[in-house]
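Colleague: I am new to this structure. Please take me through one part of it closely: the charged side chains and where they sit.

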Amino acid sequence: MGEPRGAAARAAAMVLAAGACYCLWRLAAGGRRARAQGRGGPGPPSDNSPPVSTHTMDADALQKLIHLLQATDDPLIQEQALITLSNSAAFSVNQDIIRNLDGLSVIGGMLSDSVPKVKEKALNALNNLSMNIKNQEEIQVYITQVCRNVESAPLNSDLQLAALRLLTNMSVTGDYHHKMINSIPCFLHLLSEGTERTQIQVLKVLVNLSANPAMTKHLLRAQRVMSYRYCTGRGGDTVAMNLKTVGRTACVPFQIISDNSQKPALTFPFHQKTSTVNFFM
């Protein structure tokens with residue numbers, strides 16, 4: 001008994017040390033950027049791309065974290081390892097390294113964990129990693145599972161929001177829309193029952209799906225099975241207001257189409273994505 005506890009303690013110490021080193025590096029890097037700007041040096045990138053830096057965790061450190069995820073069943077250690085991997089994935093260099101180390105499949109395997117916090121942290125890591133197109137090609141195999149997480153998670157929970165954020169990134173192109181078809185009724189249901197934060201996040205997914213002509217019939221079919229209160233009145237007004245919030249397009253009307261219409265059910269002429277990577281604690 002003493003040896004497993006000792007091994008777990010050493011593993012936890014390694015994760016915490018890696019996280020501490022990462023945080024210290026971020027503080028130091030921030031100080032260097034601030035001093036450079038004070039001297040008239042270049043400011044931060046103007047676009048929303050992940051920062052490219054040579055001062056990232058090296059491949060050896062990332063590999064140890066990935067191996068740790070495979071070796072431990074302790075949810076606290078898993079959470080800390082996933083948080084560190086998620087934060088390191090904020091840098092494009094690390095996104096490639098983690099993929100090349102087979103880290104995507106290891107992190108994806110955490111989505112089947114029974115501990116909600118572990119699943120949430122895995123979704124956060126995949127969300128940052130999905131800013132990379134090559135990573136999306138591997139992450140797409142988990143879309144069905146992520147959709148199930150949206151449907152089964154407690155309403156408005158952090159787990160549900162983390163899953164929706166990942167689906168937002170994975171639906172920016174039409175390549176994987178077909179994997180989300182069965183969850184469209186759930187997405188529409190969240191527009192009525194979710195909080196404003198949930199509604200805005202699910203609207204981003206629907207915006208991306210509705211930009212694909214191949215999804216029109218599926219959106220129409222889902223609309224038919226919705227209750228009347230979701231399609232008209234207060235529900236429709238809420239959808240319209242949130243659409244304006246998401247797209248900042250108050251001049252674009254949101255129209256609910258009747259069942260016998262041949263027009264698309266949802267008219268969202270723009271794409272939504274998680275425009276920046278997220279750091280987690």
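Modeller: What follows is a walk through the salt bridges and then the charges that gather without them. Keep in mind that this is a predicted model.

Start with the count. There are 6 salt bridges.

Take helix α2 to begin. This helix covers residues 59-71 and holds both Asp 60 and Lys 64. Their side chains meet in a salt bridge, at 3.5 Å from N to O. The two residues are 4 apart, about one turn of the helix. Asp 60 is partly exposed, because its relative accessibility of 42% falls between the 20% and 50% cut-offs. Lys 64 is also partly exposed, at 44%.

Now go to helix α4. Here Arg 99 forms a salt bridge with Asp 96, and the closest N and O atoms are 3.0 Å apart. The spacing is 3 residues, again about one helical turn. What is the exposure of each partner, Arg 99 and Asp 96? Arg 99 is buried, with a relative accessible area of 13%. That value is under 20%, so the residue counts as buried. Asp 96 is partly exposed, at 29%.

The next pair joins two helices. Arg 197 and Asp 158 meet through their side chains in a salt bridge of 3.7 Å, N to O. Arg 197 belongs to helix α11 (residues 196-210) and Asp 158 to helix α9, so the pair ties together parts that are 39 residues apart in sequence. Arg 197 is exposed, with a relative accessible area of 52%. Asp 158 is partly exposed, at 39%.

Salt bridges also link residues into a network. Its members are Glu 79, Lys 117, Glu 120 and Lys 121.

Now for the charges that gather. Asp 102, Glu 137, Glu 138 and Asp 175 form a patch of negative charge on the surface. Glu 137 sits in helix α7, which spans residues 133-139. Asp 102 lies in the loop between α4 (92-100) and α5 (103-109). Asp 102 is partly exposed, at 44% relative accessibility. That is over 30%, so Asp 102 passes the accessibility cut-off for a patch.

The backbone of Asp 102 deserves a look too. Its phi is positive, about 65°, although Asp 102 is not a glycine. Asn 156 is another non-glycine residue with a positive phi, about 70°. Asn 156 is in the loop between α8 (143-152) and α9 (158-170).

Notes. Residues numbered from 1 in each chain as written. Predicted model: local features only at pLDDT ≥ 70, side-chain atom pairs only at ≥ 80, totals over all residues. Heavy atoms only, no water. Patch = residues over 30% accessible without salt bridge, like charges linked within 9 Å, V, L, I, M, F, W, Y side chains within 5 Å. Areas by Shrake-Rupley, 256 points an atom, 1.4 Å probe, with all protein chains shown as cover. Salt bridge = Lys/Arg side-chain N within 4 Å of Asp/Glu carboxyl O. Lys, Arg positive; Asp, Glu negative; His and termini not counted. Charge placed at Lys NZ, Arg CZ, Asp CG, Glu CD. Buried < 20%, exposed > 50% of the residue type's maximum accessible area, 1.4 Å probe, protein only.
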